[in-house]
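Reader: I would like to learn to read helix packing from a model. Can we work through a case together?

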Amino acid sequence: MSDEGAERRPRRRLSPRARRTLLTAHILVSVGLFGDVAGFLAVAIRAAGTEDPEVARASYDILAMFSTFFGIPLSFAALLTGIGLGLGTKWGVLRYPWTTAKLVLLVTVILMGAFVLGPSVEQMRDGSGGTEGRILVGGGWDLAALATATVLAVFKPGGARGSKRGRMPSQRKALTGAG
């Protein structure tokens with residue numbers, strides 16, 4: 001049986017109200033995550049630069065709180081709302097290079113937290129020490145990754161995968177003056 005004659009099932013799209021609601025939630029949790037990471041990095045810099053062991057210990061306790069109460073839930077909320085938007089809108093999850101890149105960047109933030117930042121902060125809290133550099137580099141990476149994802153969301157570079165012209169029809173009309 002050939003797929004040539006088979007009709008494609010139309011993709012289910014979000015209603016305009018549902019799309020705006022999900023987009024608002026995505027922006028809110030993403031901004032919150034960016035703020036959490038910025039705050040995390042600021043406290044990590046303070047912790048790494050102090051000679052006072054009490055200030056350092058309190059700082060690492062705050063870092064653990066940042067990641068547990070804010071970083072983890074906000075990361076997964078950003079991931080789920082982003083995938084929901086991709087599945088329910090014309091953008092798709094993997095259809096455009098910028099949506100794929102945003103997904104990869106967010107996954108690296110989650111992995112950095114799970115495998116580098118979380119264990120390193122716990123090591124500093126239990127007195128083992130020696131991971132200040134890993135915490136600073138990991139926090140710096142997370143901030144850069146989230147900033148890059150934000151730029152990609154605003155500028156949306158690259159056309160759809162498999163597209164001959166590389167632009168959506170509405171973009172072609174705007175460029176040619178048609179429409």
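Author: What follows covers a helix pair, one arginine and a further helix. Note that this model is predicted.

Reader: How are two packed helices described?

Author: By the angle between their axes and the distance between the axes. Here, the axes of helix 2 and helix 3 come within 10 Å. They cross at roughly 160°. Angles over 145 degrees count as roughly antiparallel, so helix 2 is roughly antiparallel to helix 3. The crossing is left-handed.

Reader: Which residues of helix 2 and helix 3 make the contact?

Author: From helix 2, they include Arg57, Tyr60, Leu63, Ala64 and Phe76. From helix 3, they include Leu103, Leu106, Val107, Ile110 and Arg125.

Reader: Is Arg57 buried or exposed?

Author: Arg57 is partly exposed, because its relative accessible area is 44% and the partly exposed range lies between 20% and 50%. Arg57 sits in helix 2, residues 53-88. A polar atom of its side chain lies 2.6 Å from the backbone oxygen of Arg125. Arg57 is also 8.6 Å from Gly127, C-alpha to C-alpha, though 70 residues separate them in sequence.

Reader: How do I read the buried side of a helix?

Author: An α-helix has 3.6 residues a turn, so residues three or four places apart point the same way. In helix 4, the buried residues include Ile135, Gly138, Asp142, Ala145, Ala149 and Leu152. Their cover includes helix 1, helix 2 and helix 3.

Reader: What span does helix 4 reach, and what comes just after helix 4?

Author: Its 24 residues reach 35 Å from first C-alpha to last, close to the expected 34 Å. Just after helix 4, Lys156 takes a positive phi of about 45°.

Note on methods
Residues are numbered from 1 along each chain as its sequence is written. This is a predicted model: local features need pLDDT of at least 70, side-chain atom pairs count only at pLDDT 80 or more; totals for chains, interfaces and linings use all residues. Side-chain values use heavy atoms; hydrogens and water are left out. Helices (H or I, at least four residues) and strands (E, at least two) are DSSP runs, numbered from the N terminus. Buried means under 20% relative accessible area, exposed over 50%, partly exposed in between (1.4 Å probe, protein chains only). A polar contact is a pair of N or O atoms within 3.5 Å; within protein, one must be able to donate a hydrogen and the other to accept it, and residues adjacent in sequence count only if both atoms are side-chain atoms. The expected span of a helix is 1.5 Å times one less than its number of residues. Contact means heavy atoms within 4.5 Å. Axes are lines fitted to C-alpha atoms, for helices over the stretch in contact, and angles run from 0 to 180 degrees between N-to-C directions. Angles under 35 degrees count as roughly parallel, over 145 as roughly antiparallel, 65 to 115 as roughly perpendicular and the rest as oblique. A crossing is left-handed if the near helix is turned anticlockwise from the far one by less than a right angle, and right-handed if clockwise.
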